[in-house]
Amino acid sequence: MLLTYYIVSGLFILASVLPFIPHQHWMFRVWEFGRIQLFFLQLLMLILGLVLINTKNTLFWVTIFLLGILMIHNLIVLLPFTPVYRKRNNKEIPKDSETISLISANVYQFNKHYNLLINLVQEVKPDILLTMESNQAWEDALAEIETDYPNYKKVALENTYGMHFYTNLKVTSLKVNYFVADDVPSIEASLITDSGIPFTFFGVHPPPPSPTEEDTSKERDGELLSLGKRVLETKGAKVVVGDFNNVAWAKASILFRKTSKLLDPRIGRGFVSTYHAKYKLLRFPIDLSFHSPDILIKDFKALKYIGSDHLPLFCSFHISKKDENKEEVETLDREEAEEVDEMIEDGKKEEGERPDVAQE
């Protein structure tokens, strides 16, 4: 029992230490996803050790100390993404637009339950729908909603990076960007609300670092930070959503937030975890959203199961001309700006190994 305790505790300690290493290989980056679970597992091991272990020698106290320190570190990292974190009350800020709503859904390319998403869209009636991993089969199925969503952009791919955009709002510009790789699209749409206020929508889905996909996070990070620079160049109200294949507290997400000068709606609201849809205790918030200070979030939540490994993400918001949340914006320092440029270049140089047609 004693040996098992030290082995398990050592694994939980290692899982928290690896993300400190500034390397983009998946072995170091993947552990950032599990901070929520690691916090509770480390707390459990700390309590079990104090209660059940009788031989409290030097090794024991070193183990307890490391568990405690790393648990506190995880808590500090996660605390801003909980409702206990203090956040400005948007109800006090004047709203100049009507409510705008959107659904962002990674549908899982091999998911055949098309009707579950279609029924959800017909029930919620969002102004914007973004789908990721949508291939030709999904495009054919979603033709059913085109009567209600006459403005769209379709990028049907079979490599799990297809993307479809639908809206009932007025569109002044609608295009596809390829920032890092020519088989990983992102959507950019210039829209106008019914009350005449313009804003820009960005949809993104970069490849993840994992043992089954990309060995490193270079393409993902390069894609996100290239998008961050594009967002910064774009005037007016802006909202970015998509499957970032990254958690909000990870370094690349923070650098994206600072590069784009956007805000994270999860801060002060909750984790809103979306993946994996089937395993609640192993669920991470990797479908992210960011917005400019003049976007006022009304509702932000995960929606019901649609047969995918991701839950759909829902967001509704207003636009305010006052821009009173701008004091919450964080910016890059000099060293971070240089690092961002390096990460973008590394992402462009990286050669992805994605097949044209993915197999389940």
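**Group meeting: pockets, a sheet and some backbone angles**

By class, 17 nonpolar, 12 polar and 8 charged residues make up the lining of the largest pocket. This is a predicted model, so please keep that in mind throughout. The volume of that largest pocket is about 920 Å³. Its lining counts 37 residues, and Pro208, Ser210, Thr212, Glu213 and Tyr275 are the ones nearest the centre. Helix 3, residues 35-52, supplies the largest share of this lining, with 3 residues.

Next, the second largest pocket. It holds about 780 Å³ of space. Here too 37 residues form the lining, and Trp249, Ala250, Lys251, Ala252 and Ile254 are closest to the centre. Which elements give two or more residues to this lining? They are helix 4 (58-78), helix 7 (218-233), helix 8 (251-260) and helix 9 (334-349). By class, the lining of the second largest pocket has 17 nonpolar, 4 polar and 16 charged residues.

Now the sheet. Strands of a sheet pair through backbone hydrogen bonds, either parallel or antiparallel. In this model, 5 strands form an open sheet with mixed pairing, in the order 5-6-7-8-9. Why is one side of strand 5 and of strand 9 left without a neighbour in the sheet? Strand 5 (170-177) and strand 9 (287-291) are at the edges and have a single partner strand each, so one side of each stays unpaired in the sheet. From one strand to the next, the twist averages 15 degrees.

Strand 5 runs antiparallel to strand 6, residues 186-192, and 7 bridges join them. Within this pair, Lys170 is opposite Ile192 of strand 6. Helix 7 packs on the sheet and touches strand 5, strand 6, strand 7 (198-204) and strand 8 (237-243). The directions of helix 7 and strand 7 make an angle of about 175 degrees.

Last, the backbone. Most residues other than glycine have a negative phi, and most peptide bonds are trans. Where is the cis peptide bond? The bond from Tyr275 to His276 is cis, with omega near 10 degrees. His276 sits in the loop between helix 8 and strand 9. Tyr275 came up before, among the residues nearest the centre of the largest pocket.

Thr160 is not a glycine, yet its phi is positive, about 75 degrees. Thr160 is in the loop between strand 3 (151-155) and strand 4 (163-167). Is Thr160 buried or exposed? Its relative accessible area is 15%, so Thr160 counts as buried, the cut-off being under 20%.

Asn245 also has a positive phi, near 50 degrees. Asn245 lies in the loop between strand 8 and helix 8, and is buried, at 9% relative accessible area.

Notes
Residues numbered from 1 in each chain as written. Predicted model: local features only at pLDDT ≥ 70, side-chain atom pairs only at ≥ 80, totals over all residues. Heavy atoms only, no water. 1 Å grid on protein atoms, 1.4 Å probe; cavity = no way out; pocket = protein on both sides within 12 Å on 5 of 7 lines; lining within 4 Å. Points joined across faces, edges and corners; volume = space filled by probe spheres on them. Helix = DSSP H or I, 4+ residues; strand = E, 2+ residues; numbered from the N terminus. Nonpolar A, V, L, I, M, F, W, Y, C, P; charged D, E, K, R; others polar. Pairing = 2+ DSSP bridges. Axes fitted to C-alpha atoms, helices over the stretch in contact; angles between N-to-C directions. Contact = heavy atoms within 4.5 Å. Buried < 20%, exposed > 50% of the residue type's maximum accessible area, 1.4 Å probe, protein only.
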